[in-house]
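User: I'd like a close look at one side chain and whatever surrounds it. Walk me outward from there, please.

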Amino acid sequence: MTSYDSVAKAELLYSQGNANARMGRFQDALYLYDQAIAVDGNKPMYYNNRAGTLKRLGRFQDAIKQYEEIIQKFPDYGKAFLSIGSTSIETGDYQGAISSYRRFLSAYNKGQFTFNPIVGGINQSVYGDDLLETALLTSINYLSEEQQRLALQAFQEAHN
């Protein structure tokens, strides 16, 4: 299989994973993301969606571990820190969220930040006044209203 064929196959598996995730078939989506990563392990989005799927399966600690692996493998993918923050809020770890948001802000201020608004939560139409606000809002838009309030509060504390 040529390199182009590998990339195309990985993209197809990734797209199929996304379709399964949208239909709530998270175990199937996880399998497809694993397959995409096995074919082409150079796309942070594959790992990111895998981590998000782990969260949907209630495997929060596995998701956090996956986000940490993303940070190690793709240092410019600072958005993973936002995902750790929102996952920490979901698990009730407020201090963990603050810590993760601090790490995100440090990466953001150093320019270690790649952002694609399509990779946020469920509502893909959330936009803030600037890149930083949009990144935060898309990372928490699937949380409950109370969790969103806590996430914003944790982010504010991290920013001070």
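Is Phe155 buried or exposed, and at what relative accessibility?

Analyst: Phe155 counts as buried, since its relative accessibility is 8%; the cut-offs are under 20% relative accessible area for buried, over 50% for exposed and partly exposed in between, with a 1.4 Å probe and protein chains only. Before going on: this is a predicted model, where local features need pLDDT of at least 70 and side-chain atom pairs count only at pLDDT 80 or more, while totals for chains, interfaces and linings use all residues. Residues are numbered from 1 along each chain as its sequence is written, and side-chain values use heavy atoms, with hydrogens and water left out.

Now the neighbours. Setting aside residues within four places in sequence, Phe155 is in contact with Leu82, Tyr101, Phe104, Leu105, Leu132 and Leu136 (heavy atoms within 4.5 Å).

Take Phe104 from that list. The ring centres of Phe104 and Phe155 are 6.4 Å apart and their planes meet at 45°, so this is a tilted pair; rings of Phe, Tyr and Trp (its six-membered ring) pair with centres within 6.5 Å, stacked under 30 degrees, edge-to-face over 60 and tilted for the rest. Phe104 sits in helix α6 and Phe155 in helix α8, so the pair ties together parts 51 residues apart in sequence. (Helices are DSSP runs of H or I, at least four residues, numbered from the N terminus.) Phe104 counts as buried because its relative accessibility is 1%. Zoom out a bit and Tyr101, Phe104, Tyr108 and Phe155 make up one aromatic cluster.

Phe155 also stands out in the largest nonpolar core, which has 45 residues: Tyr101, Phe104 and Phe155 are those with the most contacts inside it. Such a core is a set of buried Ala, Val, Leu, Ile, Met, Phe, Trp, Tyr and Cys residues joined through side-chain atoms within 4.5 Å. Each of α1 (3–22), α2 (26–39), α3 (44–56), α4 (60–73), α5, α6, α7 and α8 supplies at least two residues of this core, and the largest share, seven residues, comes from α6.

Leu132 and Leu136 lead us over to helix α7. The axes of α7 (residues 131–140) and α8 (residues 145–159) come within 10 Å and cross at roughly 145°; axes are lines fitted to C-alpha atoms over the stretch in contact, with angles from 0 to 180 degrees between N-to-C directions. On the α7 side the contact uses Leu132, Leu136 and Ile140, and on the α8 side Gln148, Ala151, Leu152, Phe155 and His159.

Helix α7 itself is largely enclosed by the rest of the structure, because seven of its ten residues are buried: Leu132, Thr134, Ala135, Leu136, Thr138, Ser139 and Ile140. These buried residues pack against α5 (79–90), α6 (94–109) and α8.

Ile140, which lies in helix α7, is a good last stop. Ile140 counts as buried at 2% relative accessibility. Leaving out neighbours within four places in sequence, Ile140 is in contact with Ser86, Tyr101, Gln148, Ala151 and Leu152. The C-alpha atoms of Ile140 and Ser83 are separated by 8.2 Å, with their positions 57 residues apart along the chain. Tyr101 brings us back to the start, as one of the contacts of Phe155.
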